[in-house]
Amino acid sequence: MSPSESPQKIEEAIMEANAKTEIIKNKFVQRMSEYGMTGEFVALDDKDPGHGVVRYAGAVGASYVVTGSRGLGTFRRTFLGSISDYILHHSPVPVLVCRNKPEHKEKEESKGNKYSLFG
C-alpha cells in the first residue's frame, strides 16, 4: 500500500489484518487451553517487532517469551535480520524459540524408514 491509496482501501486492509490476527489469536488461545497452559496472546503494533516484544516483556514483567522461527538459515538471517534472534539476544527474560518443520518435509525424509511414524 502506498500513501496515495484511498482512505477506504487503507481502512479495508486494516480491518482484514485485524480479522486475521483475531483468527490466529483464537487458534493459539484454544491450543493453550487444550494443553492446560495459561498465557497471553498479544498483538503489538510496532515498526520493529523484535524491539516491541522485548520492550513489552520488560514492561509487563513477563516470566519468559515464546517465539517462533521460520528457519531462514545463517545467510538469510545475516542479511534480512531475524526477529527471534533479536529477541533472544536482547530480552530481559528467558526466551524459547520454537521451529516447526513443514510436515511434507518430515514425510519425505521418512519414506525410506520402515520404522517411521509418518508411513
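Select helix H2 (residues 49-60) and colour its buried residues, which pack against strand S1 and helix H4. These buried positions are Gly50, Gly52, Val54 and Ala57. Here buried means under 20% relative accessible area, exposed means over 50%, and partly exposed lies in between, with a 1.4 Å probe and protein chains only. Helices (H or I, at least four residues) and strands (E, at least two) are DSSP runs numbered from the N terminus, and packing is judged by contact, that is, heavy atoms within 4.5 Å.

The model is predicted: local features need pLDDT of at least 70, side-chain atom pairs count only at pLDDT 80 or more, and totals for chains, interfaces and linings use all residues. Residues are numbered from 1 along each chain as its sequence is written, and side-chain values use heavy atoms, with hydrogens and water left out.

**Along H2**

Place a distance label between the end C-alpha atoms of H2. They are 16 Å apart, which agrees with the 16 Å that its 12 residues should span at 1.5 Å a residue; the expected span is 1.5 Å times one less than the number of residues. Just after H2, select glycine 61, which takes a positive phi of about 65 degrees.

**From H2 to H4**

Add helix H4 (residues 83-90) to the view. Two packed helices are described by the angle between their axes and the distance between the axes. The axes of H2 and H4 come within 8 Å and cross at roughly 35 degrees. Axes are lines fitted to C-alpha atoms, for helices over the stretch in contact, and angles run from 0 to 180 degrees between N-to-C directions. The crossing is right-handed: the near helix is turned clockwise from the far one by less than a right angle, whereas anticlockwise would be left-handed.

Now show side chains. Pro49, Gly50, His51, Val53 and Val54 in H2 meet Ile83, Tyr86, Ile87 and His90 in H4. By class, this contact has six nonpolar, three polar and no charged residues. Ala, Val, Leu, Ile, Met, Phe, Trp, Tyr, Cys and Pro count as nonpolar, Asp, Glu, Lys and Arg as charged, and the others, Gly among them, as polar.

Centre on isoleucine 83, in H4. This residue is partly exposed, with a relative accessible area of 44%. Isoleucine 83 touches Pro49 and Gly50, not counting residues up to four places away in sequence. Its C-alpha atom is separated by 4.9 Å from that of glycine 50, although the two are 33 residues apart along the chain.

**Strand S1**

Move to threonine 67, in strand S1 (residues 65-69). Threonine 67 counts as buried because its relative accessibility is 15%. Leaving aside neighbours within four places in sequence, threonine 67 is in contact with Ser84, Ile87, Val95, Leu96, Val97 and Cys98.

Next select serine 69, also in S1. Serine 69 is partly exposed, at 25% relative accessible area. With residues up to four places away set aside, serine 69 touches Ser84, Val97, Cys98 and Arg99. The C-alpha atoms of serine 69 and valine 97 lie 6.5 Å apart, with their positions 28 residues apart in sequence.

**H1 and the whole chain**

Go to helix H1 (residues 7-34), whose 28 residues reach 41 Å from first C-alpha to last, close to the 40 Å expected. Glycine 36, which follows H1, has a positive phi near 70 degrees.

Finally, zoom out. The chain has five helices and two strands, in the order α-α-β-α-α-β-α from the N terminus. Of its 119 residues, 12% count as buried.
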